[in-house]
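Reader: I have this one open and would like to go through it with you. Where should we begin?

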Amino acid sequence: MREALVAAAFRLFLERGYEETTVDDIVALAGVGRRSFFRYFPSKEDVVFPDHERCLADMTAFLAAGDGDDEPVGRVCDAARLVLLMYAENPGFSVQRYRLTKKVPGLRAYELSVVWRYERALAGYLRGRFAGRRDGVLRADVIAAAVVAAHNNALRSWLRSDGTGEPTATVDHALDLVRAAFDGGPRPPVDERPEDVVVVVSRRGAPLWRVVQEIETTLGRD
């Protein structure tokens with residue numbers, strides 16, 4: 001039902017425009033009632049971003065699953081990659097949404113509020129890790145903002161290319177710059193690094209943070 005409502009909504013958004021499409025139009029095309037729509041989506045804006053609540057929950061769980069031995073900047077960079085995985089799951093839909101939000105100011109404002117929630121989740125984790133530092137709060141907020149900015153810059157570059165190619169290397173490079181700036185690690189090389197190819201078998205419906213954890217285990221990362 002949720003997927004049917006999203007599919008109906010985007011079909012109408014593309015045919016008529018976002019502002020010209022009503023909730024009644026969406027439920028009529030999907031063949032359900034208004035009550036069913038609002039059971040899944042609090043507003044018309046929410047149907048444009050149907051996956052962000054799940055991704056935010058996965059990110060929060062991923063951060064909570066860490067321990068005190070994790071390098072904090074690396075941990076939040078890995079958490080940001082969950083957002084990339086969400087977008088890469090369905091490139092066609094992600095590109096359509098990107099184009100739509102560029103045209104509709106209200107959706108752009110909504111998207112910025114979603115991004116802010118991701119940033120707050122990262123900052124909250126970092127504040128806990130830097131609690132013993134005199135500048136812990138400031139450092140946490142600055143790093144969280146840098147991670148989000150680096151990730152989104154690389155992600156939007158991929159979306160502007162209509163979702164062609166593999167976005168992982170670009171996002172990795174952007175996040176490596178953040179790590180080099182804040183955790184004292186080596187700066188990423190200018191030349192392209194060879195990419196590892198990893199095949200991970202995971203159960204259907206597994207949360208994204210668990211998939212990332214399995215990939216890290218396979219690669220032997222700490």
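Author: Helices (H or I, at least four residues) and strands (E, at least two) are DSSP runs numbered from the N terminus. This is a predicted model, in which local features need pLDDT of at least 70 and side-chain atom pairs count only at pLDDT 80 or more, while totals for chains, interfaces and linings use all residues. Residues are numbered from 1 along each chain as its sequence is written, and side-chain values use heavy atoms, with hydrogens and water left out.

Reader: OK, how many helices and strands are there in the chain?

Author: The chain has 11 helices and zero strands. Of its 222 residues, 43% are buried (under 20% relative accessible area with a 1.4 Å probe, protein chains only; exposed is over 50%, partly exposed in between).

Reader: And which residues have the most contacts inside the largest nonpolar core?

Author: They are Met 59, Leu 63, Tyr 118, Leu 122, Leu 126 and Val 147, in a core of 40 residues, where a core means buried Ala, Val, Leu, Ile, Met, Phe, Trp, Tyr and Cys joined through side-chain atoms within 4.5 Å. At least two of the core residues come from each of α5 (52-64), α6 (72-89), α7 (91-103), α8 (105-129), α9 (136-160) and α10 (168-182). Leaving aside residues up to four places away in sequence, Leu 126 touches (heavy atoms within 4.5 Å) Pro 72, Val 76, Ala 140, Ile 143 and Ala 144. Another core, of 21 residues, lies apart from the largest one, and Leu 12, Phe 13, Ile 26 and Phe 37 are among its members.

Reader: What does UniProt list for residues 22-41?

Author: The unreviewed entry lists them as "DNA-binding region"; its positions are in the numbering used here, feature names are shortened, and annotations may be inferred rather than shown by experiment. In the model this stretch is 75% helix and 0% strand, with its end C-alpha atoms 13 Å apart.

Reader: Switching to empty space, how much lies in the largest cavity?

Author: About 240 Å³, and it is one cavity by count at 30 Å³ or more. On a 1 Å grid over the protein atoms alone, a cavity is a set of points where a 1.4 Å probe fits but cannot get out, a pocket is an open set with protein on both sides within 12 Å along at least five of seven lines, and lining residues have an atom within 4 Å of a point. Of the 20 lining residues of the largest cavity, Val 83, Val 115, His 151, Asn 152 and Leu 155 are the closest to its centre.

Reader: Which helix gives the most to that lining?

Author: Helix α9 does, with seven residues. By class, the lining has 13 nonpolar, four polar and three charged residues, Pro being nonpolar along with the core types, Asp, Glu, Lys and Arg charged, and the others, Gly among them, polar.

Reader: And how do the residues lining the second largest pocket divide?

Author: They are four nonpolar, two polar and six charged, including Arg 2, Glu 3, Asp 51, Phe 93 and Arg 97. Helices α1 (2-16), α6 and α7 each contribute at least two of them.

Reader: Last one: where is Asp 162 found?

Author: Asp 162 is in the loop between α9 and α10, and its phi is near 65°, a positive value in a residue other than glycine. Most residues other than glycine have a negative phi. Asp 162 is partly exposed, at 43% relative accessible area.

Notes: Grid points are joined across faces, edges and corners, and a volume is the space filled by probe spheres set on the points.
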